[in-house]
Amino acid sequence: MKSPILALLALSVLAVLTNGTGTFSNPLRTRNGSDPFIVFVDGYYYLMTTTWTDVQLTRAPTLDGLKTGETRTLYTMANPNPNGGNDVWAPELHRVNGTWYVYFSEGRKSWVLTGGPEPWGTYDNKIQVHQEWGIDSTLVEIPSRGTYYVWSCMSAWNGEDLQSLCIAPLVNGTSIGPWSVLSRPTEPWERIGVPVNEGPAGLNHAGRTWVAYSASFCKTPDYSVAALRWDGVGDPLEAGSWTKSGGPLFQSARGEYGTAHNGFFTSPDGTEIWNVYHATQNANGSCGADRQTFAQKVGWKADGSPDLGVPAVAGEVLQAPSGEKAV
Ligand SMILES: *[C@@H]1O[C@H](CO)[C@@H](O)[C@H](O)[C@H]1NC(C)=O
Ligand SMILES: *[C@@H]1O[C@H](CO)[C@@H](O)[C@H](O)[C@H]1NC(C)=O
Ligand SMILES: *[C@@H]1O[C@H](CO)[C@@H](O)[C@H](O)[C@H]1NC(C)=O
Ligand SMILES: *[C@@H]1O[C@H](CO)[C@@H](O)[C@H](O)[C@H]1NC(C)=O
């Protein structure tokens, strides 16, 4: 084979073939795929997305298996509006000191359900984490500092009430310490449609921490992923300790729009970090249940920062996360 590109292609085809079932295709969820979150633990991927009236947990041993994975409903809202407008949003599953918790928003407030030592368990005792307006809560682990609770909050700036990001130390699974504003949508690319910072997701690599977040309004094609970076210096509770990316790191392309509200998860063998996000084929963007769940591997730039690449396309077959074993 004379062409190095052809040789490379042949090698990657071989890699796929010798890996047996180690492939998957996007999307992982064709409806109700908004605001996805995945964690891999003890042989299973666990997936949560926004389903509007309830909180569901799906699990499977392979990424592709999540399409038909076993699903549990962990919580159902008391009085769903049959005409829509229900806002149980963005559930996430996190382990705090050995106990699993589900964080989610309802009524633009932040709630937590307490589980047990196994993720595939029951969750109850719904507690409001704080009294402020708040959606899209996540936990960000900073190895040298501890666990932080980060969410989309309202904050004042230049006479505007802006959907921003706030941060607080996590005191225990259900309560937080004093909070502060981490980021406001002050840049033009964060203000398209409506000024928005939301959907935070923590990422650690080579001694640095990123909080990826979604910028601009979901019902525009400009809804995209940007990030704040912490270089290990200064108090993570202070906005000045973080550097905002100069623009989106991941955005609409290849016929997939509004590619954002992401999460990060680790491959089964712990060697790779993956990005799970939603996308719509509606060129105007979407804030609705038509958004689909996509996953793809995170690459790394020479300077050690994440390379989120370009969005995957529906139907495209990709190599599965490293160490995945079908059962
Ligand atoms: C989304 O999930 C909810 C709750 O289970 C369900 O009622 C609704 O029909 C689903 N919507 C779509 C578009 O599948
Ligand atoms: C976890 O446990 C350690 C040791 O008991 C404690 O110092 C820490 O505050 C706990 N963290 C949370 C978030 O509960
Ligand atoms: C978590 O901390 C809050 C506030 O200090 C306290 O009221 C609550 O009992 C604690 N929960 C647990 C499970 O320790
Ligand atoms: C996108 O928005 C334009 C302008 O409002 C509208 O004419 C068009 O039908 C929309 N397209 C879709 C796919 O909703």
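How many disulfides does a search of the whole structure find? The search finds two, and both come up below, after a look at the strands, the cores and the charged pairs. Please keep in mind that this is a predicted model.

1. **A strand wrapped by its surroundings.** Let us start with strand 6, which covers residues 89-96. Seven of its eight residues are buried, so the rest of the structure largely encloses this strand. It is a good place to begin when you turn the model on your screen.

2. **Its partner in a hairpin.** Strand 6 is joined to strand 7 (residues 99-106) by six bridges, and the two run antiparallel. If you would like one pair to look for, try His 94, whose bridge partner in strand 7 is Tyr 101. Two residues sit between the strands of this hairpin, and Asn 97 takes a positive phi there, near 45°.

3. **The largest nonpolar core.** In soluble globular proteins, nonpolar side chains tend to be buried together. Here the largest nonpolar core has 19 residues, and Val 55, Leu 93, Val 102 and Phe 104 are the ones with the most contacts inside it. Several strands each supply at least two residues of this core: strand 2 (37-41), strand 3 (44-48), strand 4 (54-60), strand 5 (70-76), strand 7 and strand 8 (109-114).

4. **A closer look at Leu 93.** Which residues does Leu 93 touch, leaving aside its neighbours within four places in sequence? Its contacts include Phe 37, Val 39, Tyr 46, Met 48 and Leu 57. Further along the chain, they also include Trp 100, Tyr 101, Val 102, Pro 119 and Tyr 123. Notice Tyr 101 in this list: you have already met that residue as the bridge partner of His 94.

5. **A second core.** A separate core of 18 residues is also present. Among its members are Ala 212, Ala 227, Phe 264 and Leu 308.

6. **Charged pairs, beginning with Asp 64 and Lys 67.** Side chains of opposite charge can pair when their charged atoms come close. The structure holds 10 salt bridges. In one of them, the side chains of Asp 64 and Lys 67 meet at 2.8 Å, N to O. Asp 64 is partly exposed, with a relative accessible area of 28%, and Lys 67 is partly exposed as well, at 34%.

7. **A pair that ties two strands.** Glu 106 and Lys 126 form another salt bridge, at 3.2 Å from N to O. Glu 106 lies in strand 7 and Lys 126 in strand 9 (residues 124-128), so this pair ties together parts that are 20 residues apart in sequence. Is Glu 106 buried or partly exposed? Glu 106 counts as buried, at 13% relative accessibility, whereas Lys 126 counts as partly exposed, at 33%.

8. **A pair between two loops.** The side chains of Glu 316 and Arg 254 also meet in a salt bridge (3.2 Å, N to O). These residues are 62 apart and link distant parts of the chain: Glu 316 is in the loop between strand 23 (306-307) and strand 24 (317-319), while Arg 254 is in the loop between strand 18 (242-244) and strand 19 (257-266). Glu 316 is partly exposed, with a relative accessible area of 26%, and Arg 254 is partly exposed at 47%.

9. **A small set of linked charges.** Arg 208, Arg 229 and Asp 231 are linked in a network of salt bridges.

10. **The disulfide of Cys 153 and Cys 166.** A disulfide is a covalent bond between the sulfur atoms of two cysteines. In this one, the sulfur atoms of Cys 153 and Cys 166 are 2.1 Å apart. The link is right-handed, with 80° about the S-S bond. Cys 153 sits in strand 11 (residues 146-157) and Cys 166 in strand 12 (residues 160-172), 13 residues apart. Cys 153 is buried at 2% relative accessible area, and Cys 166 is buried at 0%.

11. **The disulfide of Cys 218 and Cys 287.** Here the S to S distance is 2.0 Å. The torsion about the S-S bond is about 105°, so this disulfide is right-handed. Cys 218 lies in the loop between strand 16 (208-215) and strand 17 (224-230), and Cys 287 in the loop between strand 20 (273-280) and strand 21 (292-297), 69 residues apart. Cys 218 is buried, with a relative accessible area of 11%, but Cys 287 counts as partly exposed at 23%. Counting bonded cysteines along the chain, the disulfides follow the pattern 1-2, 3-4.

Conventions:
Residues are numbered from 1 along each chain as its sequence is written. Chains are lettered from A and ligands numbered from 1 in the order in which they are written. This is a predicted model: local features need pLDDT of at least 70, side-chain atom pairs count only at pLDDT 80 or more; totals for chains, interfaces and linings use all residues. Side-chain values use heavy atoms; hydrogens and water are left out. Buried means under 20% relative accessible area, exposed over 50%, partly exposed in between (1.4 Å probe, protein chains only). Helices (H or I, at least four residues) and strands (E, at least two) are DSSP runs, numbered from the N terminus. Two strands pair if DSSP finds at least two bridges between them. A nonpolar core is a set of buried Ala, Val, Leu, Ile, Met, Phe, Trp, Tyr and Cys residues joined through side-chain atoms within 4.5 Å. Contact means heavy atoms within 4.5 Å. A salt bridge is a side-chain nitrogen of Lys or Arg within 4 Å of a carboxyl oxygen of Asp or Glu. A disulfide is a pair of cysteine sulfur atoms within 2.5 Å.
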